[in-house]
Amino acid sequence: MNALLKKQSLILLGVFWICLALNLFLLPHSIASAGVGSIGYLIETGWGINRHLVVWSINLLMMLLTYFLLERRVFVNTLIGSLSFPVMLALLPELMLIRFYGVSLVMGSFFFSLGIYSLYRIGASNGGVTIPPLLLEKYYRIRKSTGVMLTNAVIVLLNLLIFSWKEALISAISIYLIAFFMRTLLKIEQRQQKSLPAESKKTAKTTLPVE
């Protein structure tokens with residue numbers, strides 16, 4: 001029971017980092033760079049469809065894919081993240097915490113990558129576009145960091161369609177930063193694993209696959 005509560009708490013913490021990245025750093029500057037939250041923002045801006053409805057719809061589809069194509073434990077963890085993400089995104093106010101555009105871009109990208117990394121580390125997800133990288137890794141052996149970049153390419157195209165090439169370029173830069181930060185976090189974790197005793201390594205490998 002304690003292990004289950006701990007895992008659920010870690011899932012909520014990972015979801016919180018992603019929501020914080022979006023609502024306090026990225027979206028206040030109209031940087032729609034990554035994740036289903038950004039897709040919801042872009043669709044709401046371009047076509048007037050409520051962003052939270054978009055998030056719920058995409059997450060439902062991703063939950064179905066997870067149920068049929070990934071392990072049941074991942075589905076359970078994805079279920080928690082998928083249900084909590086739209087709620088937390090709606091409850092956390094959208095505020096411009098830092099007025100400097102470049103600083104917000106870097107900070108938002110970092111916290112977003114931290115959220116994804118935290119979820120992937122325990123085999124969980126907040127739904128949305130974090131599911132395709134899990135599928136790409138399982139069926140095509142593509143690294144998660146690369147999968148995140150590939151699946152978020154659609155957001156760059158949406159930025160180009162709804163805004164302009166400038167917003168699309170900023171979105172691409174943020175997506176690159178997210179992949180870079182995530183790759184860095186994975187490398188740090190791997191170094192820590194190498195320094196662990198043999199028995200501890202077995203436990204660590206169950207939470208973070210070696211890339």
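**A working chat on a predicted helical model**

User: Which helix has the lowest mean pLDDT, and which the highest?

Analyst: In this predicted model, helix α10 (residues 198-205) has the lowest mean pLDDT among the elements, 52, and α5 the highest, 93. pLDDT is the predictor's confidence in each residue, from 0 to 100; helices are DSSP runs (H or I, at least four residues), numbered from the N terminus. Residues are numbered from 1 along each chain as its sequence is written, and side-chain values use heavy atoms, without hydrogens and water. Local features need pLDDT of at least 70 and side-chain atom pairs 80 or more, while totals for chains, interfaces and linings use all residues.

User: Where is the pLDDT below 50?

Analyst: It is below 50 over residues 203-211. Where pLDDT is low, the predicted coordinates should not be read in detail.

User: And what is the mean for the protein?

Analyst: The mean pLDDT is 86, and 92% of the residues reach 70 or more.

User: New topic: what does I39 contact, leaving aside its neighbours within four places in sequence?

Analyst: I39 is in contact (heavy atoms within 4.5 Å) with V54, I58, V129, I155 and L158.

User: How do α3 and α4 run relative to each other?

Analyst: Their axes, lines fitted to C-alpha atoms over the stretch in contact, with angles from 0 to 180 degrees between N-to-C directions, come within 9 Å and cross at roughly 175°. The two helices are therefore roughly antiparallel (over 145 degrees).

User: Which residues meet there?

Analyst: Among them are W56 and M63 in α3, and F75 and L79 in α4.

Conventions. Parallel < 35°, antiparallel > 145°, perpendicular 65-115°, else oblique.
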